[in-house]
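Here is a short walk through a few corners of this fold. Have the viewer open and follow along.

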Amino acid sequence: MGYKVAVVGATGNVGREMLNILAERQFPVDEIVALASRKSLGTEVSFGDKTLKTKDLDTFDFTGFDIALFAIGSSATKTYAPRAAEAGCLVIDNSSLYRYDPEIPLIVPEVNPQAVHDYRNKMIIANPNCSTAQMVVALKPLHDRAKIKRVVVSTYQSVSGAGKEGMDELWDQTKGMYVPGQERDPSKFTKQIAFNVIPHIDVFMEDGTTKEEWKMVVETKKIVDPAIKVTATCVRVPVFVGHSEAINIEFEEFLDEDEARDILREAPGIMVIDKREDGGYVTPVECVGDFATFISRIRQDGTVENGLNLWCVSDNLRKGAALNAVQIAELYGREILKKG
C-alpha cells in the first residue's frame, strides 16, 4: 500500500519541484492530486512520466488523504491547512505561518527527526525557511561534537527565493541593460537586482534586522538548540537558483578543522568539497538540481578561542523547500503511518 498525497500550490516553483522530487525519490504514492487556485484550474503539471491536471483547492475534500504538501502563501494556508488537518490529512507547510507556533514541530529530518511525533498536536508540520534549512544541516553534527555558542552568518540568496516574479525581474533587468527600450525598473525588489546585491530580504523590524534575519535566529534555536546565539545578515544576489552562506561558528570547546571536515563528510545530507586550490569549492550554479547541502572552505578562525569558518551552498528550491518537505513526508511515513 502507498499513500494518498495532495500537492497544494502545484503550479508554483516549489509546488512543481515537490512533484518532481516525489517522483525522483519514488515516494510510494497510490494516488496523487495537484491542487491550485481556481484561476489555475486545469493547468497541466508533471509527475514523473505522468501529466496531472490541477484541481480546485477551494472545493477539494481532503478526507482519506494521508499527506498534503502545501506550497502557497501564509494567508491561503491559514484558510486551507486547518481544513485538511481536520479531515485527518497531515499538512506539511512550506509557508512561515506555523513555524513559530510552539505546538507545531519545525523539522529538518537530518537534524531533529524526533520532533515528527509532535504532529499529533495539530496535524501540521512546518517546513523551515530556505536559508535556515541548509545552515542547520551543517550546524547539527558540529554542535553534537563541540557545542556551538554563537553563529555569525551572511547569506547570498538567489532570486528564486522571491518566487517566479523575482526570477523574471532578474532576467528582464539583465536583458534591459543591453537592449534599448527593454529597461525595467525594480518592482519585486526594492532596488535593481541585475549586477547588484541588495542587503534586504523581507520587511524591516524595529531593531534594524529584517524578518529574514529574524527567521534564521528563531528557527535555528527551535530546530537545533535554544541556547545558540545567532546573528544574520541576509543579502539578495543576482543568482537564479541556489543560496550560499558564509558561516562563522564559535564553539564551547576546541574543534580542529580536520576533525570538523571528517564529521561533516559523515553527516547525512552533506557533501564536502573542500580543496585548497582554484575551483576546489562549490558555487550556486553547481548545486542546482542536487539534493545535497555542499560545504567548502572549512578553516580555523584564529580571532576567537574556538572558531571555525565554512561556506555552505544548497539548491534553495530543493533542500530549502521542496526536498525538505518530501523528506518530512518520508519520515512521517516511516515513523507514524508505516505503510508503503
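Two strands count as paired when DSSP finds at least two bridges between them. With that in hand, β14 is a good place to start in this predicted model. The residue in β14 that bridges to D301 is G307.

**Strand β14 and its partners**

β14 covers residues 307–314, and 7 of its 8 residues are buried, so the rest of the structure largely encloses this strand. On one pairing, β14 runs antiparallel to β13 (residues 293–301); a hairpin of 5 residues connects the two. β14 also pairs with β11 (residues 243–251), again in the antiparallel sense. There, A246 has W311 of β14 as its bridge partner. Here are the two pairings:

| Strand paired with β14 | Residues | Sense | Bridges |
|---|---|---|---|
| β11 | residues 243–251 | antiparallel | 8 bridges |
| β13 | residues 293–301 | antiparallel | 7 bridges |

**Helix α1**

Now jump to α1, a helix of 12 residues spanning 13–24. From first C-alpha to last, α1 reaches 16 Å, close to the 16 Å expected at 1.5 Å a residue. Which residues of α1 are buried? They are V14, G15, E17, M18, L19, I21 and L22. In general, an α-helix has 3.6 residues a turn, so residues three or four places apart point the same way.

What do the buried residues of α1 pack against? The strands are β1 (3–8), β2 (29–36), β3 (44–47), β4 (50–53) and β6 (67–70), and the helix α8 (318–337) joins them. Just past the end of α1, Q26 adopts a positive phi of about 50°.

**L337 in α8**

L337 sits in that helix, α8. Is L337 buried or partly exposed? Its relative accessible area is 28%, and because buried means under 20% and exposed over 50%, L337 comes out as partly exposed. Leaving aside residues up to four places away in sequence, L337 touches Y3, D66 and Y332. For a sense of distance, the C-alpha atoms of L337 and T190 are separated by 45 Å, with their positions 147 residues apart along the chain.

**A nonpolar patch on the surface**

Last stop: M177, Y178, V179 and F195 make up a nonpolar surface patch, with about 450 Å² of accessible area together. F195 belongs to the loop between α4 (163–176) and α5 (211–223). Why does F195 count as exposed? Its relative accessibility is 53%, and the cut-off for exposed is over 50%.

Terms used:
Residues are numbered from 1 along each chain as its sequence is written. This is a predicted model: local features need pLDDT of at least 70, side-chain atom pairs count only at pLDDT 80 or more; totals for chains, interfaces and linings use all residues. Side-chain values use heavy atoms; hydrogens and water are left out. Helices (H or I, at least four residues) and strands (E, at least two) are DSSP runs, numbered from the N terminus. The expected span of a helix is 1.5 Å times one less than its number of residues. Buried means under 20% relative accessible area, exposed over 50%, partly exposed in between (1.4 Å probe, protein chains only). Contact means heavy atoms within 4.5 Å. Patches are made of residues with over 30% relative accessible area and no salt bridge: like charges are joined within 9 Å, nonpolar side chains (Val, Leu, Ile, Met, Phe, Trp, Tyr) within 5 Å. Accessible areas come from the Shrake-Rupley method with a 1.4 Å probe; for residues, only the protein chains shown count as cover. A salt bridge is a side-chain nitrogen of Lys or Arg within 4 Å of a carboxyl oxygen of Asp or Glu.
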